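Me: I would like to learn how to read a protein model. Could we go through one feature at a time?

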Amino acid sequence: MESDRVRYRLLWLRDAEKACELAEAEYRCNNEQAKKIKNSILSILNESGLAYHINGDQDYCVPSTLDICIEGVSSEALMISTKQFCGVSNGSACTSQSYSSSYVLSAMGIPKDQIESSVRISWGHGVNTEDVLDRFQGLINVAKQMK
């Protein structure tokens with residue numbers, strides 16, 4: 001009886017170890033895809049001719065999110081004008097139901113005029129990379145028209 005318990009525990013530990021290995025491999029794969037998407041989005045931004053800067057130190061940001069300030073473009077107007085392309089936010093996820101500016105960006109010391117021109121873009125694992133980039137290009141085209 002005791003030997004059966006030990007055997008079941010050992011089998012469970014082996015299965016748990018394998019599950020952890022698979023989860024880690026999937027995490028690494030998802031992270032790499034997110035980094036590639038972020039780099040492609042930054043390339044689109046660089047080629048757009050729009051003046052922009054990234055909010056936050058990218059060494060401490062998750063690879064599937066980008067918070068950018070597009071100078072001279074109202075984030076609220078951009079959000080309303082690009083609903084057909086993608087979902088973006090001008091506040092934190094906690095305040096996504098309101099149009100109040102991001103308290104996180106305020107706490108980071110970012111000036112109010114830059115906060116009012118900032119949007120947060122995020123994407124999840126398993127997305128079609130080309131689809132994300134096409135939609136982001138649509139957002140950039142609208143932003144150019146707003147300048």
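**Reading the model**

Reply: Take a single residue to begin with: D131 has a relative accessibility of 36%, so D131 counts as partly exposed. Keep in mind that this is a predicted model.

Me: What does R135 form with D131?

Reply: The general idea is that side chains of opposite charge can pair when their charged atoms come close. In this case R135 and D131 form a salt bridge, and their closest N and O atoms are 3.1 Å apart. Both residues belong to helix α5, where four residues, about one turn of the helix, set them apart. R135 is partly exposed as well, with a relative accessible area of 36%.

Me: How many salt bridges does a search of the whole structure find?

Reply: The search finds five. Among them is the one between the side chains of R14 and D15, at 3.2 Å from N to O. D15 is partly exposed, at 44% relative accessibility. Another of the five joins K112 to E116, with the closest N and O atoms 3.6 Å apart. K112 is exposed at 59% relative accessibility, while E116 is partly exposed at 41%.

Me: Now the overall layout. How many helices and strands does the protein have?

Reply: A layout is read by counting the elements and then following their order along the chain. There are five helices and three strands. Starting from the N terminus, the order is α-β-β-α-α-α-β-α.

Me: Why is the protein described as more spread out than a compact globule?

Reply: The radius of gyration is compared with what a rule gives for a globule of that chain length. Here the radius of gyration is 21 Å, whereas the globule rule gives 15 Å for 147 residues, so the protein is more spread out than a compact globule. The C-alpha trace spans about 75 × 30 × 25 Å along its principal axes.

Me: What share of the residues counts as buried?

Reply: Burial is read from relative accessible area, and under 20% means buried. Of the 147 residues, 31% count as buried. The accessible surface of the whole protein is about 9400 Å², with 53% of that belonging to carbon and sulfur atoms.

Me: Which residues have the most contacts inside the largest nonpolar core?

Reply: A core is read by asking which residues make it up and which elements supply them. The largest nonpolar core has 24 residues, and I41, I68, L78 and F136 have the most contacts inside it. At least two residues of this core come from each of α1, β2 (65–70), α2 (75–81), β3 (118–122) and α5 (129–146). The element that gives the most is α5, with seven residues.

Me: What is I41 in contact with, leaving aside its neighbours within four places in sequence?

Reply: I41 is in contact with L66, W123, V132, L133 and F136, once those neighbours are left aside. For the protein as a whole, consider the contacts with a separation of 6 or more: residues 24 or more positions apart account for 69% of them.

Me: Helix α1 covers residues 2–48. Is S48, in that helix, buried or exposed?

Reply: S48 has a relative accessible area of 11%, so it is buried. Beyond its neighbours within four places in sequence, S48 is in contact with I140 and K144. Y27 also lies in helix α1, but Y27 is exposed, with a relative accessible area of 54%. The C-alpha atoms of Y27 and I68 are 25 Å apart, and 41 residues separate the two along the chain.

Me: Which residues form a nonpolar patch on the surface?

Reply: A patch is read as a group of residues, with their accessible area taken together. V6, L10, W12 and L13 form this one, and together they have about 440 Å² of accessible area. L13, placed in helix α1, is partly exposed at 48% relative accessibility.

Me: One strand to finish. Where is H53 found, and what is it in contact with?

Reply: H53 is found in strand β1, residues 52–54. At 25% relative accessibility, H53 is partly exposed. Leaving aside its neighbours within four places in sequence, H53 is in contact with D67, I68, C69, E71 and Q114. For H53 and E71, which are 18 residues apart along the chain, the C-alpha atoms are separated by 8.1 Å.

Conventions
Residues are numbered from 1 along each chain as its sequence is written. This is a predicted model: local features need pLDDT of at least 70, side-chain atom pairs count only at pLDDT 80 or more; totals for chains, interfaces and linings use all residues. Side-chain values use heavy atoms; hydrogens and water are left out. Patches are made of residues with over 30% relative accessible area and no salt bridge: like charges are joined within 9 Å, nonpolar side chains (Val, Leu, Ile, Met, Phe, Trp, Tyr) within 5 Å. Accessible areas come from the Shrake-Rupley method with a 1.4 Å probe; for residues, only the protein chains shown count as cover. A salt bridge is a side-chain nitrogen of Lys or Arg within 4 Å of a carboxyl oxygen of Asp or Glu. Buried means under 20% relative accessible area, exposed over 50%, partly exposed in between (1.4 Å probe, protein chains only). Contact means heavy atoms within 4.5 Å. A nonpolar core is a set of buried Ala, Val, Leu, Ile, Met, Phe, Trp, Tyr and Cys residues joined through side-chain atoms within 4.5 Å. The radius of gyration is taken over C-alpha atoms; the globule rule is 2.2 Å times the number of residues to the power 0.38.
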